[in-house]
Amino acid sequence: MTPVIRRATVADAATLSDLATRTFSQTFGHLYPAEDLAAFLGENYTVDRQRTILAHPAYGVWLVEQDGEAVGHAAAGPCGLPHPDVHPADGELKRLYLLAHMQGGGLGGELCRVALEWLLRDGPRTLWLGVWSRNLAAQRFYARRGFQHVGDYEFPVGRVRDHEFVLRRPPVPLA
């Protein structure tokens, strides 16, 4: 069956919590000591935290479902990245993850398109995202969508501090 992308609701908080934990752990879990990974997941991907995000009108979250199972998600909202050029009206792609077996078939591009279109629903504006400095595939993916490296910051995962890139895409008119 073809995967379906749909806007998540507050009722999806437990599903999103589980999926966010699974996708982050699958993608990056091998990089961190177990206690640091557990601390990060316990702070960022709890059901209550996801419920708060899903209930907030300035945030959008989408789930990708295949045969009734959540296999990917994206989240977008106001930009919270530490860069001096960020303005209050700017948007940020905050998360974009697919389970490993769903990657490589174009679904990530479609999920990204949906989230970016939502960020641009009121017209062109500057868009931002953060990406791990060593995730070259993700950097190429975002470069194809007009994002450029404009800064760096540290992303805490427990006691570990990852070197992250700040990427920005200037406002572009909608086609």
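**Exercise 1.** Does Thr9 count as buried, exposed or partly exposed, judged by its relative accessibility?

*Solution.* The model is a predicted one, and the first step is to place the residue: Thr9 sits in the loop that runs between β1 (4–7) and α1. The second step is to compare its accessibility with the cut-offs, where buried means under 20% and exposed over 50%. Because Thr9 has a relative accessibility of 40%, it counts as partly exposed. To place Thr9 in space as well, take Glu154, which is 145 residues apart from it in sequence and, C-alpha to C-alpha, 31 Å apart from it in space.

**Exercise 2.** Describe how helix α1 and helix α3 meet, and then follow Leu16 into that contact.

*Solution.* Two packed helices are described by the angle between their axes and by the distance between those axes. Here the axes of helix α1 (residues 13–28) and helix α3 (residues 47–55) come within 8 Å and cross at roughly 115°. On the α1 side the contact is made by Ala13, Ala14, Leu16 and Ser17, and on the α3 side by Val47, Gln50, Arg51 and Leu54. Sorted by character, the residues of this contact divide into 5 nonpolar, 2 polar and 1 charged. The crossing of α1 past α3 is right-handed.

Turning to Leu16, a residue of helix α1, we find a relative accessible area of 0%, and therefore Leu16 is buried. Beyond residues up to four places away in sequence, Leu16 touches Gln50, Leu54, Val61, Leu63, His73 and Arg95. One of these partners, Leu54, lies 38 residues from Leu16 along the chain, and the C-alpha atoms of the two are separated by 9.4 Å.

**Exercise 3.** Work out which residues Asn44 contacts beyond its neighbours within four places in sequence, and whether Asn44 is buried or exposed.

*Solution.* Begin with the element: Asn44 belongs to helix α2 (residues 34–44). Once the neighbours within four places in sequence are left aside, Asn44 is in contact with Arg49 and Gln50. Its relative accessibility is 18%, and because buried means under 20%, Asn44 counts as buried.

**Exercise 4.** Compare the settings of two loop residues, Asp67 and Arg145, taking each in turn.

*Solution.* Asp67 has its place in the loop between β2 (60–66) and β3 (69–78). Its phi is near 50°, which is a positive value in a residue other than glycine. With a relative accessible area of 55%, Asp67 is exposed.

Arg145 lies in the loop between α5 (136–143) and β6, and with a relative accessible area of 24% Arg145 is partly exposed. Apart from its neighbours within four places in sequence, Arg145 is in contact with Gly109, Cys112 and Arg169. As for Val47, it is 98 residues from Arg145 in sequence and 31 Å from it in space, C-alpha to C-alpha.

**Exercise 5.** Give the setting of Val157 and list its contacts beyond the neighbours within four places in sequence.

*Solution.* Val157 is found in strand β6, which covers residues 148–157. A relative accessible area of 0% is why Val157 is described as buried. Its contacts, once the neighbours within four places in sequence are set aside, are Phe24, Tyr32, Asp36, Leu37, Phe40 and Asp162. Glu92 stands 65 residues from Val157 along the chain, with the C-alpha atoms of the two separated by 20 Å.

**Exercise 6.** How much space lies in the largest pocket, and which residues are the closest to its centre?

*Solution.* Rolling a probe the size of a water molecule over the atoms shows where empty space is left. The largest pocket holds about 1400 Å³ of space. Its lining has 50 residues, of which the closest to the centre are Lys94, Arg95, Leu96, Tyr97 and Gly130. Strand β4 (residues 91–98) provides the largest share of the lining, with 7 residues. By character, the lining of the largest pocket divides into 28 nonpolar, 14 polar and 8 charged residues.

How values were computed: Residues are numbered from 1 along each chain as its sequence is written. This is a predicted model: local features need pLDDT of at least 70, side-chain atom pairs count only at pLDDT 80 or more; totals for chains, interfaces and linings use all residues. Side-chain values use heavy atoms; hydrogens and water are left out. Helices (H or I, at least four residues) and strands (E, at least two) are DSSP runs, numbered from the N terminus. Buried means under 20% relative accessible area, exposed over 50%, partly exposed in between (1.4 Å probe, protein chains only). Contact means heavy atoms within 4.5 Å. On a 1 Å grid over the protein atoms alone, a cavity is a set of points where a 1.4 Å probe fits but cannot get out, and a pocket is an open set with protein on both sides within 12 Å along at least five of seven lines; lining residues have an atom within 4 Å of a point. Grid points are joined across faces, edges and corners, and a volume is the space filled by probe spheres set on the points. Ala, Val, Leu, Ile, Met, Phe, Trp, Tyr, Cys and Pro count as nonpolar, Asp, Glu, Lys and Arg as charged, and the others, Gly among them, as polar. Axes are lines fitted to C-alpha atoms, for helices over the stretch in contact, and angles run from 0 to 180 degrees between N-to-C directions. A crossing is left-handed if the near helix is turned anticlockwise from the far one by less than a right angle, and right-handed if clockwise.
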